[in-house]
Amino acid sequence: MLVALMTSQLSIAQKTTTVELKPSEEAPTISKHIYGHFAEHLGRCIYGGFYVGEDSDIPNTNGVRNDIIVALKDLKIPNLRWPGGCFADTYHWKDGIGPKEDRPTIVNRWWGGVTEDNSFGTHDFLNLCEVLETEPYLAGNVGSGTVQELIDWVQYTNHDGKSPMSDLRKKNGREKPWNVKYWGIGNEAWGCGGNMTPEYYSDEYRKYATFLSGWSNESGIFRIASGASSSDYKWTEVLMKNIKHNLLEGMALHHYSVIDWNNKSSSTGFEEEHYFKTMTEALKMEELIEKHTAIMDKYDPENKIALVVDEWGGWYDTDKGPNGTPLFQQNTMRDAMIAGVTLNIFNNRADRVKMANLAQTVNVLQAVILTDAETNKMLLTPTYHVMKMYNVHQDATLIPVEFESPKYEFNGESLPAVSISASKKEGKTHISLTNIDAEKENTIELDVTNLGIKNASGLILKSDKLQDHNTFDNPEKITPSEFKDFKLKKGKLSLTLPPLSVVVLEAK
Ligand code: AHR
């Protein structure tokens, strides 16, 4: 009996994972730009998503849905990337300015060949960013554009004095420049951006970057090179070697959590096997950042160039049915788990990752907002809630975390079940924890001795089933609720994370 009791106590003790939070003078600030978003002319992201037009019955501001504006302001989105993606290298910005009725059309060749009327253009996007109090990130056209076209765009958006482009801007109703800081020089230059080699793109980049910002970049423009796809380390190596570092502020990286490009699985009708594979891909982000950073460290030991993960998220088969426009997918607890672990990885690598953009904001891929094409209803996805819970880390100082995660085991394979990141800002400590195990809870003991914590509160996002999601008829099935299941005693914060859960604690 005694032996049995001791054994059971032992097994309980073994299940508790001890986590050390180690504040450090050298710890980086978590850039708020890690919490960025991405809106491409693709499916119903812009047209029929954000933008319904000034004459729509849906309440709107300059044609953009008010409910979307409110939701994104609440989310505190720090930046928004536009107009693509692949679309960016087909986009000619001058077609999207001036009277809407005079604008030429554009065929969206990458995404369904639909004809767009260019009614959402530069003014519409940049004015929206002002309303959202977010920084615009414009992706320039290198694939089918010219250096002159991109310089003109910069002058149009940023030049305060007299110039042909600022005159044109004023003629189109905007007196003051918007001062756009973030500029992408092409997108996926290795693929839809022109199928270039890294050597060729490096030279193109150098030319564009030179004219974009002048000799000494006195304008403070932040130039982002089209970066590698997932583990294409050669791409990063060649660009870091061939591009002069005074021409480069950010190096992009794209990585999607996709299990098989030819059979991506349904966004809702999937099994645990698919979930496990998706999470394997999501967690790969850590290794990718590690390895791309090691290459960047070699060429940029002073860590001046940012790693910009400007496309990330889950990618499944497009949903069938009325919402089945290109890349429309539902968003389940699987997506909440991807968001939780990925943001923890970004936070923990805030030394090099200075910006990231979830793909995409509305109705496309791992969207934070979905709108119904027929009823015009809107909903916030589980990913939205995770992004909002985590926004407390924006511009906070990272608290490095050390621990060995319990395992999530499935079919003889295993992944780390728990992921954690922590930060401190204005006297408050925030700790975000994700348990991706589909079946098992995990008990955690956080050693917060060095943080002088006296009380804590928390929020939790959880649901019983992996496939659970919000629908237009039940939009609040998955929303955060208060989390009270923790104890604070003698510098130790103990809590139990239910399966499939995301918890954010605030302690002071
Ligand atoms: O986000 C969808 C597409 O994925 C983007 O247009 C492209 O950059 C990437 O391949």
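This dialogue reads one strand and one loop residue in a predicted model.

Reader: Is strand β13 enclosed or open to the outside, and what decides this?

Author: Burial is judged residue by residue, and a residue is called buried under 20% relative accessible area. In strand β13, residues 353-359, six of the seven residues are buried, so the strand is largely enclosed by the rest of the structure.

Reader: Which strand is joined to β13 by three bridges?

Author: Pairing is read from bridges between strands. Strand β2, residues 36-38, is joined to β13 by three bridges, and the two run parallel. Within that pairing, histidine 37 has leucine 358 of β13 as its bridge partner.

Reader: How many bridges join β12 to β13?

Author: Strand β12, residues 306-314, runs parallel to β13, with four bridges between them. Here tryptophan 312 stands opposite leucine 358 of β13. Leucine 358 is thus a reference point for both pairings: histidine 37 is its bridge partner, and tryptophan 312 is opposite it.

Reader: What handedness does the unit of β12, α9 and β13 have?

Author: Handedness is read by following the path from one strand over the helix to the other. With helix α9, residues 333-348, strands β12 and β13 make a right-handed β-α-β unit.

Reader: Now a loop residue. Is serine 463 buried or exposed?

Author: Serine 463 is in the loop between β23 (456-462) and β24 (481-482). Its relative accessible area is 12%, so serine 463 is buried.

Reader: Which side chain makes a polar contact with the side chain of serine 463?

Author: The side chain of aspartate 468 does, at 2.7 Å. Setting aside neighbours within four places in sequence, serine 463 is in contact with Met333, Asp468, Ile478 and Leu500.

Conventions: Residues are numbered from 1 along each chain as its sequence is written. This is a predicted model: local features need pLDDT of at least 70, side-chain atom pairs count only at pLDDT 80 or more; totals for chains, interfaces and linings use all residues. Side-chain values use heavy atoms; hydrogens and water are left out. Buried means under 20% relative accessible area, exposed over 50%, partly exposed in between (1.4 Å probe, protein chains only). A polar contact is a pair of N or O atoms within 3.5 Å; within protein, one must be able to donate a hydrogen and the other to accept it, and residues adjacent in sequence count only if both atoms are side-chain atoms. Contact means heavy atoms within 4.5 Å.
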